[in-house]
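Biologist: Could you take one part of this model and look at it closely for me, strand by strand, and then follow the packing outwards from there? I would like one connected account rather than a list.

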Amino acid sequence: MKNKPVLNTVFEAAFRLIDHALNDNEYLQPQKLHRLLYLAQAYYGANYHGNMLMPAIFVAEEFGPVEPNLYAVMEECRPDVRLKPVDPKTSHFIESIWAQFGHHTVEHLSMTVCNHPPYTKAYKAGTGTIIPYQDLVDFYASVRKSATTPEAKEVVRPRVMQSHKGKPVATTDWLPRRLK
């Protein structure tokens, strides 16, 4: 991990995704939540030079990647956790993940991520194997658009801001290219 994660806990991302689902009148199934968090962690690292969105690990389980701490705590019900405010960039990123992947079914998301090398490599090592974060970043940063997997730069939607004349302008974060 290069820097401190942007969020303090996995719950901060999870509850925001649950709230997006509720705003769309959708019940967010636990397995779908885990897939969305997995994709959020992977695409954040791919878009922001390996930095982590949240301090979370994912393990390869039979039906797909799972964040075991979140699974254990939320098995019965939603715990009472106080969410700290997040910066607009992070909030926008989580909204982008929901907009890109939230409309997919659990089955579609599971089938997609279970066919990606970071998961398959860990699953072949055995159920419960940790999926290395660097494997996520490397794969999702190098993926080219396919029918089920977008490129990293396509996941984060442009933000709409106003120009000096008051007209709406689509903006994205400027990131210098990484030197090798």
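**The sheet and its surroundings**

Modeller: Strands β1 and β3 run antiparallel and are joined by three bridges, and within this pairing Phe58 stands opposite Ile131 in β3. Before going further I should say that this is a predicted model, and the geometry that follows should be read as belonging to that prediction.

On its other pairing, strand β1, which covers residues 58–61, is joined to β2 by three bridges, and these two strands likewise run antiparallel. Two of the residue pairs across β1 and β2 can be named: Val59 stands opposite Val66 in β2, and Ala60 stands opposite Pro65 in β2. The connection between β1 and β2 is a hairpin, with two residues between the strands.

Taken together, the three strands form an open sheet in the order β2-β1-β3, with antiparallel pairing. The edges are held by β2 (64–66) and β3 (129–131), each of which has a single partner strand, so that one side of each is left without a neighbour in the sheet. Neighbouring strands of the sheet are turned against each other by 45° on average, if direction is ignored.

The step outwards from the sheet leads to helix α6, made of residues 117–125, which lies across β1, β2 and β3 and runs at about 165° to β3.

The helices also pack on one another, and here α2 is a convenient place to continue. The axes of α2 and helix α5 (residues 106–114) come within 9 Å and cross at roughly 45°, which means that α2 is oblique to α5. The crossing of these two helices, α2 and α5, is left-handed. On the α2 side the contact is made by Gln31, Lys32, Arg35, Leu36, Tyr38 and Leu39, which meet Val106, Leu109, Ser110 and Val113 in α5. By residue class, this contact of α2 with α5 divides into six nonpolar, two polar and two charged residues.

Helix α2 (residues 30–47) also meets α1, and the axes of α1 and α2 come within 10 Å and cross at roughly 120°, an angle that makes α1 oblique to α2. Helix α1 passes α2 in a right-handed crossing. Here Val10, Ala13, Ala14, Leu17 and Ile18 in α1 meet Leu33, Leu36 and Leu37 in α2, and the residues of this contact divide into eight nonpolar, no polar and no charged. Leu36 of α2 thus appears both in the contact with α5 and in the contact with α1.

Helix α1 (residues 10–23) has a further partner in helix α4 (residues 88–101): their axes come within 10 Å and cross at roughly 50°, and that makes α1 oblique to α4. The passage of α1 over α4 is again a right-handed crossing. Ala13, Arg16, Leu17, His20 and Ala21 in α1 meet Ile94, Glu95, Ile97 and Trp98 in α4, and the residues of this contact divide into six nonpolar, one polar and two charged. Ala13 and Leu17 of α1 are listed in the contact with α4 as well as in the contact with α2.

A last feature returns to α2 and concerns aromatic rings, for which the count comes to ten aromatic pairs. One of these can be described in detail: the rings of Tyr38 and Tyr140 have their centres 6.4 Å apart and their planes at 85°, so the pair is edge-to-face. Because Tyr38 lies in helix α2 and Tyr140 in helix α7 (residues 133–142), this pair ties together parts that are 102 residues apart in sequence. Tyr38 is also among the α2 residues that meet α5.

Note on methods:
Residues are numbered from 1 along each chain as its sequence is written. This is a predicted model: local features need pLDDT of at least 70, side-chain atom pairs count only at pLDDT 80 or more; totals for chains, interfaces and linings use all residues. Side-chain values use heavy atoms; hydrogens and water are left out. Axes are lines fitted to C-alpha atoms, for helices over the stretch in contact, and angles run from 0 to 180 degrees between N-to-C directions. Helices (H or I, at least four residues) and strands (E, at least two) are DSSP runs, numbered from the N terminus. Angles under 35 degrees count as roughly parallel, over 145 as roughly antiparallel, 65 to 115 as roughly perpendicular and the rest as oblique. A crossing is left-handed if the near helix is turned anticlockwise from the far one by less than a right angle, and right-handed if clockwise. Contact means heavy atoms within 4.5 Å. Ala, Val, Leu, Ile, Met, Phe, Trp, Tyr, Cys and Pro count as nonpolar, Asp, Glu, Lys and Arg as charged, and the others, Gly among them, as polar. Two strands pair if DSSP finds at least two bridges between them. Rings of Phe, Tyr and Trp (its six-membered ring) pair if their centres lie within 6.5 Å; planes under 30 degrees apart count as stacked, over 60 as edge-to-face and the rest as tilted.
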